[in-house]
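Please look at the sequence and the three-dimensional model together before reading the report. The sections below go from the whole chain to its sheet, and from there to one strand and one pocket.

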Amino acid sequence: PASESELYPADFLSVIPTPDSYFGAERLFGLADASTEVPDVIRYIGDEELEHLAPQGGKAPPFSPKVTDSLAKAIRWFIVAAAVRRTRGQAAKHSTMLIHTTHRVDPHFQIRDAVREFIEPLAQHALDGDVSEFYDVFHEEMNRAAELYTGDGPAPTWPIVRSEIPNVLRTLKIAVDNSSADAGERLDYLGESPQTVIVIGGGTLSRGLTLEGLFVSFFTRTSNAYDTLLQMGRWFGYRGGYEDLQRVWV
């Protein structure tokens, strides 16, 4: 009969080394090693904003969502970063922002309406060539993670990026992906045109569904399970050519 060493070799499982181009929780949050240099891509959502981002339960007042200061900045940055991708020749690629604040279904539609009301005047101003509301976030965020960029595109300057912001706003979509959303409201990457989309959802986005070109996550969900929390956050993957643009609001 075979010996135990033959049936159960010492190296039965082997962990494949993580490629340098992969971004996961270990790299983004410095979880693997306290001495690891963490890129400057994490932003924090103030506790005072939470009541406007997700239902609080209990005896809390009825949920009244609004685009808070941090969500406004995240949306503006997503639009700016999508414009930067266009200047790098990535207009044919999907660009996605995730808003994941609650597992409850109805609030997703309420948040969508608030986001839509926030974006509509920005789009109207862009029709007149006015994109000045994006100037501050461009200068605050553009070079904070510049060392991550591995491409050879031109350095992003405001005059060049500014010219692409109206193109982003013209094609920007807001999707809701949950069990109650109609097919036309849900996330869909199968069409011929690349998507520039802000997707709002909960459970259906937590596992399994790939978010193409994801580089902005706005996340306030809680979980008792560590692995579930990491999965729900979607802060992992390969982002070749736009590594420096990724941001996570938590």
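## Overall character of the chain

How much area does the chain expose, and what percentage of it do carbon and sulfur atoms supply? In this predicted model, the exposed area comes to about 13500 Å², and carbon and sulfur atoms supply 50% of that area. The chain has 250 residues, of which 45% count as buried.

The secondary structure comprises eight helices and eight strands. Among contacts in the chain with a separation of 6 or more, 74% are accounted for by residues that lie 24 or more positions apart.

## The six-stranded sheet

Six strands form an open sheet in the order E2-E8-E6-E3-E5-E4, and the pairing is parallel. The edge strands are E2 (42–43) and E4, each of which pairs on one side only. As general background, strands of a sheet pair through backbone hydrogen bonds, in either a parallel or an antiparallel manner.

At the E2 edge, two bridges join E2 to strand E8 (residues 247–249), and these strands run parallel; arginine 43 has tryptophan 249 in E8 as its bridge partner. At the E4 edge, strand E4 (residues 172–177) is joined to E5 by six bridges, again in parallel, with aspartate 177 standing opposite glycine 201 in E5.

## Strand E5 and its surroundings

Is strand E5 enclosed or open to the outside? Six of the six residues of E5 (residues 196–201) are buried, that is, under 20% relative accessible area, so the strand is largely enclosed by the rest of the structure. In the sheet order, E5 stands between E3 and E4. Strand E3 (residues 95–100) is joined to E5 by five bridges and runs parallel to it, and methionine 97 has isoleucine 198 in E5 as its bridge partner.

In a regular strand the side chains alternate between the two faces of the sheet. In E5, Thr196, Ile198 and Ile200 point one way, whereas Val197, Val199 and Gly201 point the other way, and all of these residues are buried.

## The second largest pocket

Which residues line the second largest pocket? The lining consists of Leu50, Ala54, Pro55, Gln56, Thr101, Thr102, His103, Arg104, Thr220, Arg221 and Thr222, and the pocket has a volume of about 210 Å³.

By residue class, the lining of this pocket divides into three nonpolar, six polar and two charged residues. Leu50, Ala54 and Pro55 are the nonpolar residues of this lining, while Arg104 and Arg221 are the charged ones.

Note on methods: Residues are numbered from 1 along each chain as its sequence is written. This is a predicted model: local features need pLDDT of at least 70, side-chain atom pairs count only at pLDDT 80 or more; totals for chains, interfaces and linings use all residues. Side-chain values use heavy atoms; hydrogens and water are left out. On a 1 Å grid over the protein atoms alone, a cavity is a set of points where a 1.4 Å probe fits but cannot get out, and a pocket is an open set with protein on both sides within 12 Å along at least five of seven lines; lining residues have an atom within 4 Å of a point. Grid points are joined across faces, edges and corners, and a volume is the space filled by probe spheres set on the points. Helices (H or I, at least four residues) and strands (E, at least two) are DSSP runs, numbered from the N terminus. Buried means under 20% relative accessible area, exposed over 50%, partly exposed in between (1.4 Å probe, protein chains only). Contact means heavy atoms within 4.5 Å. Accessible areas come from the Shrake-Rupley method with a 1.4 Å probe; for residues, only the protein chains shown count as cover. Two strands pair if DSSP finds at least two bridges between them.
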